[in-house]
Amino acid sequence: MDGALAPTAFVLKPQPQPTMSPSPPPRTDRPTPPRSAQSLRQRFLFLALLVWLLLLPASLYTQDLVDQTARRGTGLIREQGELSDGLKRLKNAVQGTEAGIYQYAFLLEETVRQRVEAQLIEAHRQIDRLERSRAAGHMEGLREHIGELRGLLARLSAETEGFFQLLSRIESRYPAVPTQVNVMDPADHEFIGAINLVLDTTPERDIDETYHYFIDLRYNWIQMVNAGRVAMMSRAGVFGIPAGGMEQFRNNRQLYADTVNQLLDELQRLDGQGRLNFEQSAALPRLEQFNQRYEAGYRRAMAIYRSENWRTDLPYLRDRLRPLFAELWSTLYRLEEHLGTLTTRDLSASLNTAGTLSNLIWLLFGVTTFVILLAFWLFEYAIRRPIAQVAAALEAEGHGGASHVPEIRVRTRETDALLEAFSGMREQVRSRQLRMQAILDNAAEGIITIDEHGTIEIFNNAAQQLFGYRAEEAIGRNVRLIVPPPHQGHHDQYLKRYLENGEARIIGSAREVEGRHKDGSLIPISLKISEIKLPGGRLFTALVEDTGERRAMMDYLRHLAEHDTLTGLHNRQYFLAELERAVARTRRNPHDCCSLLYIDLDNFKYVNDTLGHQAGDKVLMEVSGLLERRARKADLLARLGGDEFAVILYNLDLAGAQTAADGFRKLLADYAFKYEGKVVDVGCSIGVAQLTDEVRDKEELMAQADLACHIAKRGGRNRVHVYQRRDRERVANMETDMGWSLRIKAAIEQDHFRFARQPIADAASGEIRAYEILLRMEDAAGELIMPAGFLPAAERFGLLTAIDRWVVEHAIEQLARQRIDEPGLHYAINLSAEAIDHGAIFTTITDALERFAVPADALTFEVTETQAIANLGHAVDFLQKLRALGCKTALDDFGAGYCSFAYLKEMPVDHIKIDGSFVRDVCHSDLQRAMVKAMVDIAGAIGIHTVAEFVEDAACLDLLRNLGVDAVQGYHIGRPELI
């Protein structure tokens, strides 16, 4: 807990209960009435005499009041009308709240939630209006009904807020999602990666029966995983029959799983016969391990989906909200009935009074004297004394002392009812105290209440578990007990200042702070403070929750995003970001010294080719450990990929960097890798580049270090080369290593890229809606190179952003020229993952649209699903900016990764392009057809258009049209054409 916590550190809403802490002693400073004050009996005698003296002239005057009675009846009708109108408005608000809650449970739209909250506010406003009405002040039983309605509405508000909190997180709504994301998906990716590695490393001359076994294994694995996902999706009713649909797809998935196990067994048999090559044999145990891990995760997730608790929102609606609404409507109907009864009775009484009052006036005068004497006796023994006795018992009960049911000598129905009400009230108070005690003791969050002096009054079970103190140890002590030492001394001063001038920094808001455990350790907690003003002073109450696990998870996710999974070093993405910051610092302060080492292992390929990839991974891990121990703590060491490493040396000039690089070289030169009886000298070549104010960007510095490393390799390996300006003249001699980088840069500078466009047609009418722009590169001989030939090299040398800029500018320029003859022409342009993170590409788009006068709605920008999910925050912001500009947005290759419809709902996209792996076999696979249908239905419910890729024949087109796909693209519609 920081300084802001000190004054009001632990507090929340429940009022102090006698069962939570010792009850305060009865107050003894209450003023005693003076002896000269008249007693109730004396006042009664005085009033009785006065009434008797005034009754005779009042009888004459009463005749005139008969007419006034009729006028009061008219006023009563008007009051009843006001009550009926208020009750109608209240019912409308309750009905709107109930409908909105059910609608929000399905749509999860913020506007629906706001509407529900507005309806609840309106309901409370109508309750206040009914309570302030004139009729509520004198109509029998009306305030009790209104009070009951107020309590029900308060419960409804609390339950509704809890329901909204439940729906706000997908993990709390669907308990099986963490297993899918953290267990099944990693096992799936590792299994596919292992098979692909085997297939990619098998030369064409070695393709035999075992190679096809691995191909069949990959196919059945993919089908098994897809069938499992569909089985889980069917539990939500995507395919019409939640239970039956899930079992059907689960059985389909089991068929593929059995086939996978059979293929693995067959490969084990072939391995035992020695028919598998080294890579295949080495991959087989890992495949078995990934299969077992995936199956274990699948069984856990499916057990949840097959249980009654596969989602938590429906039981909440059924068991908590629906009964509460039923009770609320029942109370409203009783209030209506009661209102009708009162109206009829009061109106009849007003009309009858006019006829009977005149005949009774004189009779009342004769019996008044007798009635007064009798009333005095009844009042004294049947009313005043019982009331005094019950009042004394109530006062004792209110102060927490012992109370007993008083004994009354003269019994009447009224006194009996009073005694029964007192006994019932006492039982209800004690029962509510016990219920409140149970709620506090079983609350998941810690609940702590202190008074104006900082003394703890409530310390529930959750707080005891969190801080290690028992309630007996904490109650009655100052809250500084659980405040960390740096802030203990400021707590009382802050509390005093707040009580004097109302200065508050954390009341009403949640904060992440630290608390102090009984053993002295610090605990990360979430703290929310509230204040309650009571007649006897003010209380402060806090909800306290342990946030240690949440912080640990965030740190773990951040570590995964910034580090290489194999070696534990920083990854390429983090390294490039830090290198860019180093370049920026050097521009601001040219005196800062910074150097870059580019390290490439000399014999890593030999290890991989002769000893296998498992040995290669071991080399990388051992080398990483050596480099990490050799580097300074202030330096940044990263693995760029493969066998390439880089080190940023801060505050070190070029001479020092060269010395450090030679130290790394000697370290690896002395390192010998030992594996299965074989010894390999790994060694390395290192390129050194100095960061100066002449370096334009991180790409140039990386290119210098990479070039220096290549020169070191070409010079005989196991050496260090420092980049110099004359090294640029040696680029021609290194065309084999650096050719692609130069060719791509030349293509950008000299416009050697070409565009092809492929049509996108309306599925229903066949009309061409738009064209997708595809990129080609023209070599020196005029031949076209497909993107797969140059994009990997562009990504390696950091040129993807430059290509994106070239594509955006030239595509918009081309569109402007063609829209002269084709005004309705629309282009779809693909952007890379780097474009999402690079803010300058948005400026390029806006400048090009303005320069070539092209309307923004003539462009659709596509990003792949994998790119968007990998960097969800940046992707959402970037796509929202494009839509605000007026452009359309699309999510490409949808379904290729772990497609989450919860993410899809948050994505600001107009179209999704269903991945071709689903569309290609949609005519031949029921599973693929079901998955495409699910994507189309859910996208349509959200309001997103669907585009199917790889449509290659008329049968596929007809089926997609029947499934409801909005647009299609593929060779059957039109092949890419150069423009």
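Colleague: What makes strand β11 (residues 684-691) and β12 a parallel pair?

Modeller: This is a predicted model, and in it three bridges join β11 to β12, which run parallel. Two strands count as paired when there are at least two bridges between them, so the three found here satisfy that rule. One of the contacts can be named: V688 has V722 of β12 as its bridge partner.

Colleague: Why are β7 and β12 called edge strands?

Modeller: The sheet is open and has five strands in the order β7-β8-β6-β11-β12, with mixed pairing. Both β7 (636-641) and β12 (720-722) pair on one side only, and that places them at the edges. From one strand to the next, the twist averages 20°.

Colleague: How do you know that helix α19 lies across β6, β8, β11 and β12?

Modeller: Contact means heavy atoms within 4.5 Å. Helix α19 (residues 654-669) lies across β6 (594-601), β8 (644-650), β11 and β12. Its direction is at about 165° to β11. Angles run from 0 to 180 degrees between N-to-C directions, so about 165° puts α19 towards the opposed end of that range relative to β11. Helix α20 (residues 698-714) also packs on the sheet, where it touches β6, β7, β11 and β12 and makes about 145° with the direction of β11.

Colleague: What makes the pairing of β19 and β20 count?

Modeller: Strand β19 (residues 911-914) meets strand β20 (residues 945-948) over four bridges, in the parallel sense. The rule asks for at least two bridges, so this pair meets it. Within the pair, H911 is bridged to H945 of β20.

Colleague: How many bridges hold β20 and β21 together, and in which sense do they pair?

Modeller: Two bridges, in the parallel sense, link β20 to strand β21 (residues 967-968). Two is the cut-off itself, so the pair still counts. A948 has V968 in β21 as its bridge partner.

Colleague: Why is the β-α-β crossover from β20 to β21 called right-handed?

Modeller: The chain leaves β20, passes through helix α31 (residues 954-963) and arrives at β21. With the strands pointing away from the viewer, a clockwise path over the helix is right-handed, and this crossover is assigned that hand.

Colleague: What makes the lining of the second largest cavity nonpolar?

Modeller: The structure holds two cavities of 30 Å³ or more, and the second largest has about 30 Å³ of space. L83, L87, L130, L142, L335 and L339 line that cavity. Elements α1 (40-107) and α10 (313-398) each give two or more residues to the lining. Leu counts as nonpolar, so the lining comes out as six nonpolar, no polar and no charged residues.

Definitions and conventions
Residues numbered from 1 in each chain as written. Predicted model: local features only at pLDDT ≥ 70, side-chain atom pairs only at ≥ 80, totals over all residues. Heavy atoms only, no water. 1 Å grid on protein atoms, 1.4 Å probe; cavity = no way out; pocket = protein on both sides within 12 Å on 5 of 7 lines; lining within 4 Å. Points joined across faces, edges and corners; volume = space filled by probe spheres on them.
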